[in-house]
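Biologist: Could you pick one part of this model and go through it closely? After that, I'd like to hear how the rest of the chain fits around the story.

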Amino acid sequence: MNSEEQNRGTGLESGIQTDFRTAMSYGDYLHLDKILSSQHRCSDHHDEMLFIIIHQASELWMKLILHELKAAIGCIRRNDLEPSFKMLSRVSRIQQQLIQSWSVLSTLTPAEYMEFRDKLGQSSGFQSYQNRLIEFALGNKNAHTLAVFQHQKALYEQMLQALHEPSIYDAAISALAVRGLPVDEEVLDRDWSQSYQPNASVEEAWLTVYRNVDQYWDLYELAEKLVDIGSQQQLWRFNHMTTVERIIGHKQGTGGSSGVPYLKKALDQHFFPELWSLRTKL
């Protein structure tokens with residue numbers, strides 16, 4: 001019996017494919033057998049499934065953020081800015097999904113989490129290498145954070161390489177210089193493994209862009225896309241901190257960090273500083 005004959009008997013539309021003995025199905029394409037069999041609870045507690053899936057889904061979204069940021073950085077460094085705008089818009093939309101995920105996790109009460117927290121050992125979100133790569137790509141570089149990955153040689157090398165690559169803000173500043181806007185050489189030829197520090201020439205260059213939008217529309221659009229991403233990343237950090245405080249208070253993190261105090265300090269690390277400071281001077 002062919003697919004059309006089978007469908008006629010079930011009430012399905014005649015064109016709907018039902019025979020996948022030799023064809024690729026939805027589950028095959030997405031490897032759902034692997035994805036949906038990767039939730040291994042360390043306890044018998046009902047809510048541990050929520051905890052696992054929230055973090056696994058977040059890592060998938062982070063993978064897409066890195067995919068988009070890498071492509072956007074490539075476009076900007078080639079002085080081909082417009083294709084990067086859609087990529088960066090997508091990043092900010094993904095960030096909204098990540099921010100929303102904290103509200104789902106906050107349905108986990110302190111008493112419920114304590115039922116399985118000790119089963120996590122020393123595993124911690126601090127060890128999310130993809131989150132660290134995102135921070136690197138946005139310009140927040142810190143060589144000391146690589147220590148937690150030294151037991152995985154290939155991953156450690158990947159992280160080390162990312163540490164020494166230009167961030168998206170470094171690429172944007174180079175784009176300013178390519179367009180003839182004066183930027184100090186020490187900024188253009190800096191050590192990319194160090195976190196970016198504010199510079200007066202960069203602020204002045206961005207001020208020129210914002211005061212002459214018609215002349216520098218693409219740079220202006222790039223700047224606003226970066227502001228969107230920087231804002232969303234701060235919101236993600238804030239929601240992370242408040243969710244942790246809601247669930248465990250000021251207990252030490254499972255990975256050994258101070259927990260909420262550590263997350264609060266992270267909020268002081270701003271991205272793209274001149275894109276914020278120029279607003280006071282416009």
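Modeller: I'll start with one helix pair, then move on to rings, charges and a few single residues.

Some housekeeping: this is a predicted model, where local features need pLDDT of at least 70 and side-chain atom pairs count only at pLDDT 80 or more, while totals for chains, interfaces and linings use all residues. Residues are numbered from 1 along each chain as its sequence is written, and side-chain values use heavy atoms, with hydrogens and water left out.

The protein chain has 14 helices and zero strands. Helices here are DSSP runs of H or I with at least four residues, strands are E runs of at least two, and both are numbered from the N terminus. Along its principal axes, the C-alpha trace spans about 70 × 50 × 35 Å.

Now the close look. Two packed helices are described by the angle between their axes and the distance between the axes. Helix 7 (residues 129-138) and helix 12 (residues 217-248) have axes that come within 12 Å and cross at roughly 145°. Those axes are lines fitted to C-alpha atoms, over the stretch in contact for helices, with angles running from 0 to 180 degrees between N-to-C directions. The crossing of helix 7 and helix 12 is left-handed, meaning the near helix is turned anticlockwise from the far one by less than a right angle (clockwise would be right-handed).

Which residues do the touching? From helix 7 you get N131, I134, E135 and L138, and they meet I229, Q233, W236 and R237 of helix 12; contact means heavy atoms within 4.5 Å. The residues of this contact split into four nonpolar, two polar and two charged. For that split, Ala, Val, Leu, Ile, Met, Phe, Trp, Tyr, Cys and Pro are nonpolar, Asp, Glu, Lys and Arg are charged, and the others, Gly among them, are polar.

Helix 12 also takes part in ring pairing. Rings of Phe, Tyr and Trp (its six-membered ring) pair if their centres lie within 6.5 Å, and planes under 30 degrees apart are stacked, over 60 edge-to-face, and the rest tilted. By this rule there are nine aromatic pairs. One of them is F85 with W217, edge-to-face at 5.7 Å centre to centre and 80° between the planes. F85 belongs to helix 5 (residues 82-105) and W217 to helix 12, 132 residues apart, so this pair links distant parts of the chain. F85 is buried at 8% relative accessible area, whereas W217 is partly exposed at 40%. Buried means under 20%, exposed over 50%, and partly exposed in between, with a 1.4 Å probe and protein chains only.

Another pair is Y169 with F272, tilted, at 5.2 Å centre to centre and 50° between the planes. Y169 is in helix 9 (residues 168-178) and F272 in the loop between helix 13 (260-266) and helix 14 (273-281), so parts 103 residues apart in sequence are tied together. Both Y169 and F272 are buried, and together with Y196 and F271 they form one aromatic cluster.

Rings meet charges too. A charge sits over a ring if NZ of Lys or CZ of Arg is within 6 Å of the ring centre and within 35 degrees of the ring normal. R132 does this over the face of F126, 5.6 Å from the ring centre, and R279 has its charged end over the ring of W276, 5.8 Å from the centre.

Back in helix 5, where S101 is placed, S101 is buried at 12% relative accessibility. Setting aside neighbours within four places in sequence, S101 is in contact with I54 and S58.

Finally, the backbone. Most residues other than glycine have a negative phi, and most peptide bonds are trans. H31 has a positive phi of about 55° although it is not a glycine, and it lies in the loop between helix 2 and helix 3 (32-35), partly exposed at 44%. N79 likewise has a positive phi, of about 60°; N79 is in the loop between helix 4 (48-77) and helix 5, partly exposed at 38%.

For the overall picture, buried residues make up 43% of the 282 residues. Of the contacts with a separation of 6 or more, 69% come from residues 24 or more positions apart.
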